[in-house]
Amino acid sequence: MQAETTSSRFPASDALLERARRVIPTGVWGHNRFPAFLSPGRYPVFARSAHGARFVDADGREYIDYVCGYGAMITGFANPEVDAAAARRMALGDCLNQPTETSVLLAERLTSMIPDMAWSGFGKNGSDAVSTAFLIARAHTGRRRVVCVNGAYHGSHSWCNWCNFGAGRPEEDSAMVLRVDWNDIAGLRALFEREGNDIAAVLMTPFHHPIGARAELPSEGWWPAVQATCREWGALLLIDDVRAGFRLDLAGSHHHFGFSPDLVCLSKALANTHPLSAVLGSERCREAAEQVFAAGTFWSASAPMAAALVNLEILSEPGRFEGMQERARALCDGLIGRAEAVGLTLEVTGPRTMPTLTFADDADNAVINAFAEAMVERGVFVHPSHNLFFSAAHGDEEVDETLQATSAALEAIAHVRAS
């Protein structure tokens, strides 16, 4: 997919994109090409810097950011405490032949924070964590298959991409994946009745957050049924908490929803923009974790681990997490109210710290696309088809400015629709 260059609002980004296309496929590698490539000229393609809850694009325009590096930022871009800890460790050497004490300290911290987790291993990104967890589940059970939810995303490794994620992904790569609909207890049980003797694990997010669709919370009986079914058939319960981790509950999103997984996958907000992931496991999975081989040259790099330790300290400060929750609720309530004031129905689904925004009667996504573009034009960066992220760096000032921009954006959309 390629964008048409424009000179409308982002000349520096346009120039960078023209250069980048000569040396980088499409000019922007990976998921960062969206949504700019879907609506050329309406979103910045390149960023220059960021601080707190705001970033500056290549043209010098500043935005209040609600994508937060796709969730990697939770205590502020360029957080001086977090980054200083990483720099101190970096000055002693980052990626060494052996791990450092920092890995032990972080594993101790994580297992003390997250109930029922007895050990932790590390990687660099969410795909590392999820694939390692599946590997451990297979080693523990001696089985092959994994159950996932239709429409869920669990990383870029080919085995877990059964959705249409582009070329180079033959269907047989994900042949070991069995699918069930979210909150479909009967469907889950029927699946186990057919395939249970070969199911190593159930891999799910704590709530359903598909790309480009409404988020869905678990029904009252969903997690008890999932956990009971796994126990009955001897499968492991794996929770992909990569996207939601530390935004629902510092003890893990499973703690927020009241169930106990066997393995927990973390990344994104763990080290506040520093590249790090973790797999945490229960005691009964320890032997399998010791038997498998999963590795990466940079998995034991110590600077991101030092960043994570300070990041978790900041999030654990009295009132810090609670304040983030309160301001996120205020923002979402304000968004809904301002839409109602101009005759539009804005639907906010999912937890308020990572809400998904959709509009009623918007089957072709024209309204949400127009809203996102209008917000970006007014200095607030939101994504039209991905859930948003709220952080501890978003203060009352950012919330107020965002709601002012929302009123202006929605009034403009309502006027266009009425004409």
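## Nonpolar surface patch

Val-23, Ile-24 and Trp-29 together make a nonpolar patch of about 350 Å² on the surface of this structure, which is a predicted model. Of these residues, Ile-24 is located in the loop that connects helix 1 (11-23) with strand 1 (47-51). Because its relative accessible area is 32%, Ile-24 counts as partly exposed, a class that falls between the buried limit of under 20% and the exposed limit of over 50%.

## The open sheet with strands 1 and 13 at its edges

Four strands, arranged in the order 1-2-3-13, form an open sheet in which the pairing is mixed. Strand 1 and strand 13 (380-381) are the edge strands, each of them pairing on one side only.

Strand 13 runs parallel to strand 3 (residues 62-65), and the two are joined by two bridges; within this pairing, Asp-65 has Phe-381 of strand 13 as its bridge partner.

## Strand 10 and its neighbours

Strand 10 (residues 277-281) is largely enclosed by the rest of the structure, because five of its five residues are buried. In a regular strand, side chains alternate between the two faces of the sheet. In strand 10, Ser-277, Val-279 and Gly-281 point one way while Ala-278 and Leu-280 point the other way, and all are buried.

Strand 10 pairs with strand 4 (residues 119-123) in an antiparallel arrangement joined by five bridges, where Ser-120 has Leu-280 as its bridge partner. Strand 9 (residues 263-266) also pairs with strand 10 in the antiparallel sense, over four bridges, and here the bridge partner of Leu-266 is Ala-278.

Key
Residues are numbered from 1 along each chain as its sequence is written. This is a predicted model: local features need pLDDT of at least 70, side-chain atom pairs count only at pLDDT 80 or more; totals for chains, interfaces and linings use all residues. Side-chain values use heavy atoms; hydrogens and water are left out. Patches are made of residues with over 30% relative accessible area and no salt bridge: like charges are joined within 9 Å, nonpolar side chains (Val, Leu, Ile, Met, Phe, Trp, Tyr) within 5 Å. Accessible areas come from the Shrake-Rupley method with a 1.4 Å probe; for residues, only the protein chains shown count as cover. A salt bridge is a side-chain nitrogen of Lys or Arg within 4 Å of a carboxyl oxygen of Asp or Glu. Buried means under 20% relative accessible area, exposed over 50%, partly exposed in between (1.4 Å probe, protein chains only). Two strands pair if DSSP finds at least two bridges between them.
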